[in-house]
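Thanks, everyone. Let me put the model on the screen, and then we can walk through a few parts of it.

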Amino acid sequence: MRKVLLMGSPNVGKSVVFSRLTGVNVISSNYPGTTVEFSKGYMRIGNEKVEVIDVPGTYSLEPTSKAEQIAVEILQDSIASQNGIVVNIVDGTNLERNLNLTLQLLKKNIPVIVDLNFWDETKHLGISIDIKELEKIFNVPVVPTSAVSGEGIKELVDRLAEAKAMTYDYPEEEKWHEIGKIIERVQKVTQRHHTLLERIADASIRPLTGIPIALGAVYITFRLIRFIGEGLVGYLFEPIFEKIWAPIIMKLSFILGSGGFIHDILIGRVSAGKIEFFESFGILTTGLYVPFAAVLPYVFAFYLVLSIFEDSGYLPRLGVLADKMMHQVGLHGLGIISMLLGLGCNVPGALATRVMETERERFISATLMAIAVPCIAQIAMIVGLVGKYGAKALMLVFGTLFLVWIVIGILMNRLLKGESPEIFVEIPPYRIPYFGALAKKLWMRVKGFLKEAIPFVLLGVFIVNILYSLKIIDFLSKLAGPVIKNLLGLPSGAVAALVVGFLRKDVAVGMLVPLGLTLKQLVIASVVLAMYFPCAATFAVLVKELGVRDMAKSAVIMIFSAIFVGGLLNLIL
Amino acid sequence: MAMDLTRMREGERGKIVDIQGGWGLLRKMETLGIKQGTEIVKVSSQLMRGPITIRAGNTQVAIGFGMARRIMVEHKK
């Protein structure tokens with residue numbers, strides 16, 4: 001199958017073009033042997049089905065990072081197999097620096113078509129570009145597009161067939177001079193006034209105005225996630241489970257004879273003719289209720305808000321504002337982005353540490369995240385469980401975790417050799433997110449959650465039942481019970497939750513429900529469950545990212561700090 | 001008068017006359033089209049020696065304080 005490679009620098013609107021070109025059948029996958037992600041989809045040229053690859057953004061073909069290296073490898077593969085077309089997506093508002101990559105691509109033996117994106121913005125910015133002249137210079141098609149509104153996409157598709165390999169020759173050391181000459185021929189800039197978005201952009205990166213804006217954004221984010229999450233739970237998922245699913249389960253329970261091994265594994269305990277979805281602990285009851293009704297609404301809400309922030313261009317600004325704080329824990333400002341991702345799910349959060357420059361930063365950030373950043377699934381369950389006691393109780397849990405994050409971060413920064421590198425990041429202009437691309441990304445993330453979570457949740461519930469019926473939990477409780485009781489002040493039944501926590505933290509928190517814990521015990525259990533070890537999926541990724549030795553180091557820090565913090569809470573609360 | 005980026009005030013304009021960094025810094029700046037001779041505006045600086053943000057054309061970039069100290073700028077009115 002022929003391939004269309006979308007190539008361009010970061011922030012040129014590549015993924016919007018990608019989502020315009022491809023249909024719903026989009027796969028996001030890792031490049032073999034790495035954790036660099038790229039998306040693949042399909043489109044038609046005439047009657048031919050071709051593969052479209054959203055190549056990781058790269059400023060040039062001389063890679064400086066893992067992602068850029070992958071971009072170059074994908075290009076080389078395509079050149080070698082002679083079956084690719086490159087769509088070089090160029091930011092029309094930054095033509096000069098984007099042409100560096102264009103010229104490098106034109107030197108390769110592969111057909112190229114240039115997509116001059118953000119065409120509408122160039123007009124607002126008073127930039128006029130002579131497309132005909134540009135086509136004459138490069139001798140390949142140049143198509144202006146505004147991917148967000150869809151303008152020009154059809155022409156881009158129609159002219160894909162005209163893409164051709166060119167050799168535009170110039171001496172390498174003269175490249176900026178060469179680019180300068182081209183710019184002089186094709187581009188005219190007229191003075192213009194600042195737009196409202198630009199004023200907001202400047203305000204949000206100056207500390208005096210930027211910090212209040214950031215705090216406001218965080219506050220609105222929390223409110224929005226709660227509003228959307230609670231709305232979905234209350235008006236959609238709970239009614240579905242209570243009104244539709246519960247009667248079906250009751251019938252099934254009757255058919256299965258209201259008891260017995262199979263009944264208990266599938267349905268669990270039924271008390272007084274009613275199903276408590278949180279407590280019955282069958283695969284078809286709690287096993288489905290936790291991922292779908294308790295967690296999915298918040299996963300959806302979280303990723304919706306996060307994706308809007310990502311696509312609008314706010315996150316690098318947050319990174320700049322937070323840079324000083326992040327340096328205290330040995331990271332630079334962009335480290336906050338992997339922490340935010342970790343709040344959704346620690347797995348992508350751990351993968352995001354890949355973009356960091358040094359091993360030290362990767363270790364610190366992965367360890368900090370695994371210890372003190374609970375994922376949204378766990379947060380949703382904690383909020384459901386502890387939230388009953390009011391905002392103060394929740395503050396106790398999350399405030400403790402935040403303190404742990406700071407203290408362990410500062411300690412690691414002091415104790416580990418080396419320094420953290422400085423931030424260097426492009427600040428893209430604010431852009432209104434394109435709905436199509438947003439929806440696609442959201443869908444991929446929610447799908448990722450369902451694929452990751454549901455097997456583990458079901459497996460978790462299944463294993464708990466088996467362990468109970470084989471009396472293994474009883475045995476472990478007797479074994480670890482005294483430690484848990486004396487040190488953490490938790491009943492020995494909490495051992496089961498700690499065992500399941502290795503698999504899935506949300507299920508583990510759910511297992512605290514039937515224990516009838518006091519508020520103090522709930523707080524301790526929630527904090528310890530968040531800290532003591534990552535869930536299986538995160539653990540697997542961390543081993544791959546950090547290596548066995550560093551992961552072991554990290555795990556030692558996790559276990560000891562969990563016991564220490566849990567014990568401390570038990571003493572002072 | 002040449003001075004480094006950290007000494008400029010918000011909103012001031014200047015022209016880059018020298019980047020006294022290693023190859024890495026030069027290279028990073030170049031990928032964004034910022035090099036010797038580029039005209040820039042300082043957009044912001046953060047408290048307590050935080051990163052400096054500058055604009056060149058329609059490109060904005062935030063640079064750590066230490067790196068910003070090695071970028072020399074000729075001040076323009």
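What covers the buried residues of α7(A)? Keep that in mind while I set the scene. This is a predicted model.

First, the helix itself. α7 of chain A runs over residues 175–186. That is 12 residues, with 17 Å from the first C-alpha to the last. The span is close to the 16 Å expected at 1.5 Å a residue.

Now look at burial. A:Ile179, A:Ile182 and A:Val186 are buried in this helix. Why do they line one face? Viewed down the axis of α7(A), the buried residues fall within an arc of 60 degrees, so one face of the helix is lined by them. A general reminder here: an α-helix has 3.6 residues a turn, so residues three or four places apart point the same way. Turn to the other side of α7(A), and you find A:His177 and A:Glu184 exposed.

Back to my opening question. The cover over the buried residues of α7(A) includes α3 (95–106), β7 (127–129), α5 (131–138) and β9 (187–189), which belong to chain A.

Next, some strands in chain A. Take β4(A), residues 48–54. It has a parallel partner in β1(A), residues 3–7, through four bridges. In that pairing, A:Leu5 sits opposite A:Ile53. β4(A) also pairs with β3(A), residues 37–45, this time in the antiparallel sense over seven bridges. There, A:Arg44 has A:Lys49 as its bridge partner. β3(A) and β4(A) form a hairpin with two residues between the strands. What phi does A:Gly46 take in that hairpin? A positive one, near 60 degrees.

Now the contact between the chains. How many residues does each chain bring? Chain B gives 23 and chain A gives 24. On chain B, the elements that give two or more residues are α1 (23–31), β3 (39–45), β5 (59–63) and α2 (65–68). β5(B) gives the most, with five residues. By type, the side of chain B that touches chain A divides into nine nonpolar, 12 polar and two charged residues.

Stay with β5(B), and look at strand pairing across the chains. Strand β10 of chain A, residues 424–426, is joined to β5(B) by three bridges, and the two run antiparallel. A:Glu426 has B:Val61 as its bridge partner.

So what is the strand order of the sheet that holds this pair? It reads β10(A)-β5(B)-β4(B)-β3(B)-β2(B)-β6(B)-β1(B). That is an open sheet of seven strands with antiparallel pairing. The edge strands are β10 of chain A and β1 (2–4) of chain B, each pairing on one side only. From one strand to the next, the twist averages 40 degrees.

At the chain B edge, β1(B) is joined to β6(B), residues 71–76, by three bridges, again antiparallel. B:Ala2 stands opposite B:Glu74 there.

One last residue: A:Pro348. It is found in helix α15 of chain A, residues 346–352. Is A:Pro348 buried or partly exposed? It has 19 C-beta neighbours inside 10 Å, and therefore counts as partly exposed; buried would take 20 or more. A:Val320 is 28 residues apart from A:Pro348 along the chain, and their C-alpha atoms are separated by 22 Å.

That's my tour. Over to you.

Definitions and conventions. Residues numbered from 1 in each chain as written. Chains lettered and ligands numbered in written order. Predicted model: local features only at pLDDT ≥ 70, side-chain atom pairs only at ≥ 80, totals over all residues. Contact = placed C-beta atoms within 7 Å. Nonpolar A, V, L, I, M, F, W, Y, C, P; charged D, E, K, R; others polar. Pairing = 2+ DSSP bridges. Axes fitted to C-alpha atoms, helices over the stretch in contact; angles between N-to-C directions. Expected span 1.5 Å × (residues − 1). Buried ≥ 20, exposed ≤ 12 C-beta atoms within 10 Å, placed from the backbone. Arc of directions from axis to C-beta.
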